[in-house]
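I opened my notebook today to see what I could look up in one structure. Here are my entries, in the order in which I made them.

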Amino acid sequence: MSRSKNPDLIYDDIVQERAERIKRLELASKKELLDKITLDRVTLFVTHRCNLLCRYCNGPHLDKLMDQNKRKIMLESDFSFEQYKRFIDEWSAHELRNIHFTGGEATLNRHLPEFIAMAAEKGISSTLTTNGTAGHGLYRKLVDRGLSEIRISLDSTVDSDFDETAGVKGACRKIKDNIEELVCMRDKEGKDICLILNACIDSYNLEEIESTMRSLIDLNPDDIKFLVVAEQSRFVHVKAARSTVDRLLSDLKQSGKDYPLLEKKIHALFRKSSFGLKDCAARYEMEHCYIPLTERTLDARGIYPCSIYLRYKGAPVIQTDAGFDEQQRAIDDFVENHDCRKDEICKDNCTYCCKNFNLEANRKIRDYRNLKFAEENVIVVNEISQDEIRGLLETNEKITKINGTIDNPYAIIKPQGFDYRFAIMEYLEEQGIRILKQIPIEDWSTFSLYLYFKEGRSPESRLARNKAHRAIEHNNAIYLQLEKGVPEKKIFRIKREFREWFGEQVRFVKYKDEMFKIRFNCFHVPDYDRIEAESRVARYFLGI
Ligand code: SF4
Ligand code: SF4
């Protein structure tokens, strides 16, 4: 079994590699960006027509609510041979790796075999999503022309169930025959074809998901991909318990198959945040969508940010007939200026994989910029006198002797976290943590001098770090007094999440030729073992 050649963002290594490349592109000049862009994948909707009538499909051939004129144009515009000929040279010049043909039902475009052959001549791999109902001969021809992967949609292997879903009698039998033929081509004739079976999960077939998985495994594909109908993701999330995930994983293990795509999908499928951009991480951290920068999604009429956008009938970024540089500029403008978190299509339907990749790319770019800033802004701390050290130790001694008991946990939003202040407070409330009081800390530098006075390193370096804090931070901070009884573990989990979402600012301090790294979190809660001492410090300075 070979892993899919499709550079799917479900794979961690592909996410990492691409996010790293996006980071380099984002930091290049606009001119370099246009010249250097390499394309990972083109998703080509070669037709919007289809011969099936799946109950969950919102394709234009079934969407009676669509504007009739737009619908007619979509259904009548197949991707033409002339369009393809013009594009393939441009894509190849930008080192395109993969073209994914889809639709509608892609095999209804009569040029498909030529499209695949031309891609193969240019060294570009071709993959196809099909409903599996075309004739044996056509699939064989496509493989012979160079098709490297075929994804066939089959939501159930029970003939009557699937035929009902697809709205066409006999569809299931035909698809299973084609699958058998393809497996034979792969295993007996030695053809280099990867076969993936796609199964859409909705409220009708969720209960049978385990038997569906087992019967799909019996068909012996190279991998399986579960998809959830976006409109029903809430239902699937509510209904599918953790035990469903465990059972599916255990069945997969027992089958002895190495199906990385399926395993990833089982983990991702039932999460509450699997669809849309409404979760906290996406809302506060996904500033830009970088998907269209190295991918193209298009049909005969327009270029879209992604296939979700096209499927939900969003407007194209630019017309298909525009020149490559013009397309790239329009896409660059979309990446820079379109806030997907406010876009109704993205907000509800963006998939887990795209979101995950975007979070990673945004994080890498932000971290890089922070690091660059830090490197250019090294703070040099001068020699520290013995008197200063003595003074600090004495004051610290005094602080730790302040009496008091902990009755409320607290959290501090530090100056660097002020951009996220409302996001932080909103999320605390969302997590059921009530904020009793907000108290501004006006002299944060003095406050931090004590708060960050930790044991374990030489007094000189501690003092150097504290001096650096004082040199950097002149702004206010805010002290949040939280209600009683919030478990410390919960606060610590939230702290970790904030650090992941908002990243860290890193600064470098030089003292006696030694560099110290200071990390800033935007959000501070006391350490487990220092909660009492820190609470005293807070009380002492804030008079509470
Ligand atoms: S095969 Fe695909 S395009 Fe055709 S009706 Fe089913 S979901 Fe829609
Ligand atoms: S749906 Fe997701 S991938 Fe598509 S444009 Fe919106 S944010 Fe980007």
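**Entry 1: a helix and its neighbours**

Which helices and strands do the buried residues of H20 pack against? I kept in mind that I am reading a predicted model. I found helix H13 (280–285), helix H23 (488–502) and four strands on the list: S11 (410–413), S12 (435–441), S13 (477–482) and S16 (523–524).

I then looked up which residues of helix H20 (residues 421–430) are buried, and I noted Ala 423, Ile 424, Met 425, Tyr 427 and Leu 428. I also checked what comes after the helix: H20 is followed by Gly 432, which has a positive phi, near 80°.

**Entry 2: the whole chain**

Next I stepped back to the chain. I wrote down 24 helices and 16 strands. The chain has 544 residues, and 55% of them count as buried. For its extent, I noted that the C-alpha trace spans about 90 × 50 × 45 Å along its principal axes.

I also looked at contacts between residues at least 6 apart in sequence. Of these, 78% join residues at least 24 apart.

**Entry 3: ligand 2 and its cavity**

Where does ligand 2 sit? I found ligand 2 in the second largest cavity. My search of the whole structure gave 4 cavities of 30 Å³ or more, and the second largest cavity holds about 120 Å³ of space. This cavity is lined by 15 residues, and the closest to its centre are Cys 289, Cys 306, Ile 308, Cys 346 and Cys 350. I wrote down the elements that give two or more residues to this lining: helix H15 (307–311), helix H17 (344–349) and helix H18 (352–376). By class, the lining has 14 nonpolar residues, 1 polar residue and no charged ones.

Then I listed the residues around ligand 2 itself. There are six cysteines, namely Cys 289, Cys 306, Cys 340, Cys 346, Cys 350 and Cys 354, together with Met 286, Ile 291, Pro 305 and Ile 308. This shell divides into 10 nonpolar, no polar and no charged residues.

**Entry 4: ligand 1**

Which residues are around ligand 1? I found Cys 50, Leu 52, Leu 53, Cys 54, Cys 57, His 61, Gly 104 and Asn 131. I sorted this shell by class too, and got 5 nonpolar, 3 polar and no charged residues.

**Entry 5: Asn 51**

I moved on to Asn 51, in the loop between strand S1 (41–45) and helix H3 (68–76). Is Asn 51 exposed, partly exposed or buried? Asn 51 counts as partly exposed because its relative accessibility is 36%, and partly exposed covers what falls between under 20% and over 50%.

Leaving aside residues up to four places away in sequence, I saw that Asn 51 touches Glu 105, Leu 108, Asn 131, Thr 133 and Val 168. Asn 131 is also one of the residues around ligand 1. Then I tried a long reach: Asn 51 and Lys 510 are 459 residues apart along the chain, and their C-alpha atoms are separated by 69 Å.

**Entry 6: two pairs along the chain**

How far apart in space are Phe 373 and Val 506, C-alpha to C-alpha? I read 8.6 Å for this pair, with their positions 133 residues apart in sequence. Phe 373 belongs to helix H18. Phe 373 has a relative accessible area of 39%, so I put it down as partly exposed.

My other pair was Asp 513 and Val 380, which are 133 residues apart in sequence and 9.0 Å apart in space, C-alpha to C-alpha. I placed Asp 513 in the loop between strand S14 (505–511) and strand S15 (514–520). Asp 513 counts as exposed because its relative accessibility is 72%, and exposed means over 50%.

**Entry 7: positive phi without glycine**

Last, I looked up backbone angles. Asn 220 is not a glycine, yet its phi is positive, about 65°. I found Asn 220 in the loop between helix H9 (209–218) and strand S6 (223–228). Asn 220 counts as partly exposed because its relative accessibility is 21%, and buried would mean under 20%.

Lys 313 also has a positive phi of about 65° although it is not a glycine. I located Lys 313 in the loop between H15 and strand S9 (318–319).

Note on methods:
Residues numbered from 1 in each chain as written. Chains lettered and ligands numbered in written order. Predicted model: local features only at pLDDT ≥ 70, side-chain atom pairs only at ≥ 80, totals over all residues. Heavy atoms only, no water. Near = heavy atom within 4 Å. 1 Å grid on protein atoms, 1.4 Å probe; cavity = no way out; pocket = protein on both sides within 12 Å on 5 of 7 lines; lining within 4 Å. Sits in = over half its atoms within 2 Å of the grid points. Nonpolar A, V, L, I, M, F, W, Y, C, P; charged D, E, K, R; others polar. Points joined across faces, edges and corners; volume = space filled by probe spheres on them. Buried < 20%, exposed > 50% of the residue type's maximum accessible area, 1.4 Å probe, protein only. Contact = heavy atoms within 4.5 Å.
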